[in-house]
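Biologist: I have the sequence and the structure open side by side. Could you take me through them, beginning with a single residue and then moving outwards?

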Amino acid sequence: FHVTGQGNIDNAVFKPALALNMFDIAGSFDAVKNTVALDTFKFDSKEFAATGKANLALTWDGKSLGAVSGDLEATDVRLVTGVFPQPLLVSLFAFDGSYDVKARTLSWRRAAVEAPAFSTEFGGNAQFFDAGSPALVLNGTLKALSLADALRYWPEDVGSGAREWIADNVSQGQFGPMRLDANLP
């Protein structure tokens, strides 16, 4: 199959609806194996852009989707959320995991992000609930960041005034490397 076009996607993350300037997806579906291969995908919007590929296995629970598992690799990712002082540019995002629809659990063996001066890799899971934040387990590493790079990735609304004070008063330094083992119920 090959699907291309543009349009809007109503969602909980981007308000108003995510307006796709362009999307292009080429792949195949194997009905016997219940697998979807996205040989290429490309999305572009004001808030988000990415190019990549994915391989997914679908598990059915009767007539409804029970789980999705597989791997995804995206390059040239651009994310504009207003959280960071500038667009977040990622050269590589790799994900290998699964989502169980009934348990509402996202599990991943490996998630890796490579960006200018930023590199992290971790595994974990997230359990979603009707209300409140998800339960989250994370295990992984973050490579060392220089002070300038740490400030570049510092979210704008976190530590009001601290970011500016550090930029004005600390001339050099390093953040990390860091090992993260977190279990947030």
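**From one residue to the whole chain**

Modeller: Asp76 has its place in strand 5. Please bear in mind that this is a predicted model.

Biologist: Is Asp76 buried or exposed?

Modeller: Asp76 counts as exposed, because its relative accessibility is 58% and the cut-off for exposed is over 50%.

Biologist: Which residues does Asp76 touch, not counting residues up to four places away in sequence?

Modeller: On that basis, Asp76 touches Ala49, Ala50, Val90 and Ser91.

Biologist: And how far is Asp76 from Gly176, C-alpha to C-alpha?

Modeller: The C-alpha atoms of these two residues are separated by 25 Å, and Asp76 and Gly176 are 100 residues apart along the chain.

Biologist: Let us step back. How many helices and strands are there in the protein chain?

Modeller: The protein chain has 2 helices and 12 strands. Along the sequence, their order is β-β-β-β-β-β-β-β-β-β-α-α-β-β.

Biologist: What does the C-alpha trace span along its principal axes?

Modeller: The span of the C-alpha trace is about 60 × 35 × 30 Å. The chain has 185 residues, and buried residues make up 28% of them.

Biologist: What about the accessible surface of the chain?

Modeller: The accessible surface comes to about 11,700 Å², and carbon and sulfur atoms account for 59% of that area.

Biologist: And the contacts between residues at least 6 apart in sequence: what percentage join residues at least 24 apart?

Modeller: Of those contacts, 40% join residues at least 24 apart.

Biologist: Now to the pockets. How much space lies in the largest pocket?

Modeller: The largest pocket holds about 1,100 Å³ of space. Its lining consists of 32 residues, and those nearest the centre are Phe48, Leu79, Leu88, Phe93 and Val113.

Biologist: Which elements give two or more residues to that lining?

Modeller: Strand 3 (35-45), strand 4 (48-61), strand 5 (64-79), strand 6 (88-100), strand 7 (105-115), strand 10 (145-146), helix 1 (147-152) and strand 11 (174-175) each do so.

Biologist: How does the lining of the largest pocket divide by class?

Modeller: There are 29 nonpolar and 3 polar residues in the lining of the largest pocket, with no charged residues.

Biologist: What of the second largest pocket: how much space is there?

Modeller: The second largest pocket has about 410 Å³ of space. It is lined by 19 residues, and Trp108, Thr120, Phe122, Leu138 and Leu180 lie nearest its centre. Two or more lining residues come from each of strand 6, strand 7, strand 8 (118-127), strand 9 (135-142) and strand 12 (178-184).

Biologist: Which element gives the largest share?

Modeller: Strand 9 does, with 5 residues. By class, the lining of the second largest pocket has 15 nonpolar residues, 3 polar residues and 1 charged residue.

Biologist: Let us turn to charged pairs. How many salt bridges does the count come to?

Modeller: The count comes to 6 salt bridges. Side chains of opposite charge can pair when their charged atoms come close.

Biologist: May I have an example that joins two strands?

Modeller: Asp44 forms a salt bridge with Arg78, and their closest N and O atoms are 3.0 Å apart. Asp44 belongs to strand 3 and Arg78 to strand 5, so this pair ties together parts that are 34 residues apart in sequence. Asp44 is partly exposed at 26% relative accessibility, and Arg78 is partly exposed at 22%.

Biologist: Please give me another such pair.

Modeller: Glu121 and Arg110 meet through their side chains in a salt bridge, at 3.2 Å from N to O. With Glu121 in strand 8 and Arg110 in strand 7, the pair ties together parts 11 residues apart in sequence. Glu121 counts as partly exposed at 39% relative accessibility, as does Arg110 at 33%.

Biologist: And where do Asp149 and Arg152 lie?

Modeller: Both Asp149 and Arg152 lie in helix 1, 3 residues apart, which is about one turn of the helix. Their side chains meet in a salt bridge with an N to O distance of 3.3 Å.

Biologist: Is Asp149 buried or exposed?

Modeller: Asp149 is buried, because its relative accessible area is 18% and buried means under 20%. Its partner Arg152 counts as partly exposed, at 27% relative accessibility.

Definitions and conventions. Residues numbered from 1 in each chain as written. Predicted model: local features only at pLDDT ≥ 70, side-chain atom pairs only at ≥ 80, totals over all residues. Heavy atoms only, no water. 1 Å grid on protein atoms, 1.4 Å probe; cavity = no way out; pocket = protein on both sides within 12 Å on 5 of 7 lines; lining within 4 Å. Points joined across faces, edges and corners; volume = space filled by probe spheres on them. Helix = DSSP H or I, 4+ residues; strand = E, 2+ residues; numbered from the N terminus. Nonpolar A, V, L, I, M, F, W, Y, C, P; charged D, E, K, R; others polar. Salt bridge = Lys/Arg side-chain N within 4 Å of Asp/Glu carboxyl O. Buried < 20%, exposed > 50% of the residue type's maximum accessible area, 1.4 Å probe, protein only. Contact = heavy atoms within 4.5 Å. Areas by Shrake-Rupley, 256 points an atom, 1.4 Å probe, with all protein chains shown as cover.
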